[in-house]
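Subject: Structure for your review

Dear colleague,

Please find below the structure that I am handing over to you. My findings follow it, and I would ask you to read them with the structure open.

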Amino acid sequence: MAMLSTSLSGPKSAISYSAPHFSGLRRLCTKLDATNSHSSFLPNFNSQLRCSSPRKPSRHVVAMAGTGTFFVGGNWKCNGTKESITKLVSDLNDTKLETDVDVVVAPPFLYIDQVKASLSDRIEISAQNSWVGKGGAFTGEISVEQLKDIGCKWVILGHSERRHIIGENNEFIGKKAAYALSQGLGVIACIGELLEEREAGKTFDICFEQLKAFADAVPSWDNIVIAYEPVWAIGTGKVATPLQAQEVHIAVRDWLKKNVSEEVASKTRIIYGGSVNGGNCAELAKQEDIDGFLVGGASLKGPEFATIINSVTSKKVAA
Ligand code: PGA
């Protein structure tokens with residue numbers, strides 16, 4: 001059986017083959033299943049990464065399976081003060097960002113107004129959560145209507161911190177997504193396995209179950225970005241290797257193709273989250289099914305977040 005390891009920093013090849021690498025995964029997805037030896041996998045993978053046409057003009061995408069625009073979100077979580085957020089916004093306003101990336105930041109609710117009023121329009125605002133239905137007598141909650149009123153375009157739903165610390169389940173998250181979409185917010189729909197689930201070989205089962213809960217609840221995937229965030233990689237400094245991320249992303253795309261449609265599989269952005277930083281983003285971005293990032297800790301530093309946004313350039317080469 002083919003075993004892979006990543007050696008993505010080498011000058012010649014993006015991939016090398018040696019030690020077992022698909023740790024914890026029950027099975028490979030369709031594209032990878034087709035390969036059962038080093039020799040058969042190598043040409044297949046290389047062909048996915050190769051430029052699609054040598055005749056294309058100077059800079060073009062070489063490693064993008066999906067057709068959606070690269071997407072980078074910054075999840076500020078429960079961090080910041082008026083002062084630190086003023087500085088972060090000013091740093092972000094000073095950065096030079098590549099044009100072909102959708103950029104979103106998710107400040108804590110309390111600071112959304114401040115950020116909306118001071119941040120460049122180049123960057124859209126997301127909430128980190130929303131109430132499951134229309135606002136009303138729900139103490140401590142924030143409604144989708146209020147988020148829209150204050151200028152939010154997106155909401156992050158299904159984040160592992162809400163699943164595993166707050167206790168939100170698949171069904172509740174699916175309902176939240178459906179309601180947010182019905183009111184015109186885009187949804188950053190998070191999925192991802194715990195370490196013990198990965199070690200038990202259940203990574204795909206968990207991700208597909210979480211995906212299905214979204215799919216069962218939403219009428220359309222038009223305004224959904226999927227964020228694959230392995231829980232063991234979030235806030236731990238233990239980033240998934242590019243191939244560990246890629247193998248789940250390709251499986252997610254394949255799931256969408258089989259269970260929703262080929263069109264949705266192609267146009268839905270599948271972004272990676274979990275200890276992404278300025279140093280590892282470029283190698284991750286080279287993976288063809290990684291369409292961007294959801295960034296926590298590193299999004300609190302303006303210049304580093306800009307580096308991550310601009311890693312879209314590593315998807316391109318000069319002709
Ligand atoms: P991290 O968080 O980048 O700090 O690991 C990612 C996330 O939770 O979205």
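Angles under 35 degrees between two axes count as roughly parallel, over 145 as roughly antiparallel, and 65 to 115 as roughly perpendicular, while the rest count as oblique. This convention is needed for a pair of helices described below. Please note that the model is predicted.

I begin with the chain as a whole. Its secondary structure comes to 13 helices and 12 strands. Of the 319 residues in the chain, 53% are buried. Among contacts with a separation of 6 or more, 72% are between residues 24 or more positions apart.

The pair of helices comes next. Two packed helices are described by the angle between their axes and the distance between the axes. Helix 3 (residues 82-94) packs against helix 13 (residues 302-309) at an angle of about 40 degrees, and their axes are 8 Å apart. An angle of about 40 degrees falls in none of the three named ranges, and helix 3 and helix 13 are therefore oblique to each other. Their crossing is right-handed. Which residues meet there? From helix 3, Leu88, Asp91 and Leu92 meet Gly302, Pro303 and Phe305 of helix 13. Sorted by class, this contact has four nonpolar residues, one polar and one charged.

I turn now to the interior. The largest nonpolar core has 68 residues, and those that touch the most other members are Val72, Val105, Trp221, Ile226, Tyr272 and Phe293. Helix 10 (residues 242-259) gives this core its largest share, namely six residues. A second core, separate and with 11 residues, includes Val104, Ile188, Cys190 and Ile271. Beyond its neighbours within four places in sequence, valine 72 is in contact with several residues, including Val101, Val103, Val104, Phe293, Phe305 and Ile308. Phe305, one of these contacts of valine 72, is also a residue of helix 13 that takes part in the meeting with helix 3.

Finally, two loop residues deserve your attention. Lysine 77, in the loop between strand 4 (70-75) and helix 3, has a positive phi of about 50 degrees although it is not a glycine. Is lysine 77 buried or exposed? Its relative accessibility is 19%, so lysine 77 counts as buried, the cut-off being under 20%. Serine 275, also not a glycine, has a positive phi of about 60 degrees. Serine 275 lies in the loop between strand 10 (270-273) and helix 12 (281-285). With 16% relative accessibility, serine 275 counts as buried.

Yours sincerely

Terms used:
Residues are numbered from 1 along each chain as its sequence is written. This is a predicted model: local features need pLDDT of at least 70, side-chain atom pairs count only at pLDDT 80 or more; totals for chains, interfaces and linings use all residues. Side-chain values use heavy atoms; hydrogens and water are left out. A nonpolar core is a set of buried Ala, Val, Leu, Ile, Met, Phe, Trp, Tyr and Cys residues joined through side-chain atoms within 4.5 Å. Buried means under 20% relative accessible area, exposed over 50%, partly exposed in between (1.4 Å probe, protein chains only). Helices (H or I, at least four residues) and strands (E, at least two) are DSSP runs, numbered from the N terminus. Contact means heavy atoms within 4.5 Å. Axes are lines fitted to C-alpha atoms, for helices over the stretch in contact, and angles run from 0 to 180 degrees between N-to-C directions. A crossing is left-handed if the near helix is turned anticlockwise from the far one by less than a right angle, and right-handed if clockwise. Ala, Val, Leu, Ile, Met, Phe, Trp, Tyr, Cys and Pro count as nonpolar, Asp, Glu, Lys and Arg as charged, and the others, Gly among them, as polar.
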